[in-house]
Amino acid sequence: ERVHEVTNNIKKLFNLFLDQGLNDQHFKVVSSCLDSLKVLINHYPDQLQSILERLLSALFLQLTSQKSKIQSKANEALELIGSSYSGDTLLPLLLTVMNNR
């Protein structure tokens with residue numbers, strides 16, 4: 001039961017980052033959000049899987065940021081995702097994200 005509670009809270013945190021943090025107008029907020037996401041991705045990849053498509057889409061958008069620091073951090077997060085999941089998991093999600101753009 002405790003694991004279920006932790007998992008739900010982590011999902012809420014991921015959703016908060018996606019809905020607010022990465023969409024903030026201030027680059028320092030986005031930068032901090034990306035730093036936090038990298039830590040969460042590294043420690044909780046299983047809990048992330050249900051929102052991975054949304055996260056990939058949001059990170060790809062950050063690659064077009066005018067701030068090179070944001071681009072770099074988004075790229076690092078994408079690399080971390082790439083090393084955390086198999087191609088079988090990522091390929092269908094990447095195709096969906098690219099088709100929606």
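Contacts in this chain tend to link distant stretches of sequence: counting pairs at least 6 residues apart, 67% join residues at least 24 apart. The model is a predicted one, with a mean pLDDT of 88 for the chain, and 100% of the residues come in at 70 or more. Confidence does vary from element to element. Helix 1 (residues 2–19) sits at the bottom with a mean pLDDT of 80, while helix 5 (residues 68–84) tops the list at 95.

As for the fold, it's helices and nothing else among the elements: six helices and zero strands, so the order from the N terminus reads simply α-α-α-α-α-α. The radius of gyration is 13 Å, and since a compact globule of 101 residues would be expected near 13 Å, the chain agrees with that picture. Laid along the principal axes, the C-alpha atoms fill a box of roughly 45 × 30 × 20 Å.

Of the 101 residues, 37% count as buried. The accessible surface adds up to about 6,300 Å², and carbon and sulfur atoms account for 50% of that. Charges are split into 10 positive and 10 negative, and the mean positions of the two sets lie 8 Å apart.

One lysine deserves a closer look. K38 belongs to helix 2 (residues 27–43). Its relative accessible area is 17%, and because the cut-off for buried is under 20%, K38 counts as buried. Leaving aside residues up to four places away in sequence, K38 touches K73, E76, A77 and L80. Helix 5 covers residues 68–84, so these four partners of K38 fall within that helix.

How values were computed. Residues are numbered from 1 along each chain as its sequence is written. This is a predicted model: local features need pLDDT of at least 70, side-chain atom pairs count only at pLDDT 80 or more; totals for chains, interfaces and linings use all residues. Side-chain values use heavy atoms; hydrogens and water are left out. pLDDT is the predictor's confidence in each residue, from 0 to 100. Helices (H or I, at least four residues) and strands (E, at least two) are DSSP runs, numbered from the N terminus. Buried means under 20% relative accessible area, exposed over 50%, partly exposed in between (1.4 Å probe, protein chains only). Contact means heavy atoms within 4.5 Å. The radius of gyration is taken over C-alpha atoms; the globule rule is 2.2 Å times the number of residues to the power 0.38. Accessible areas come from the Shrake-Rupley method with a 1.4 Å probe; for residues, only the protein chains shown count as cover. Lys and Arg count as positive and Asp and Glu as negative; His and the chain ends are not counted. The place of a charge is taken as NZ of Lys, CZ of Arg, CG of Asp or CD of Glu.
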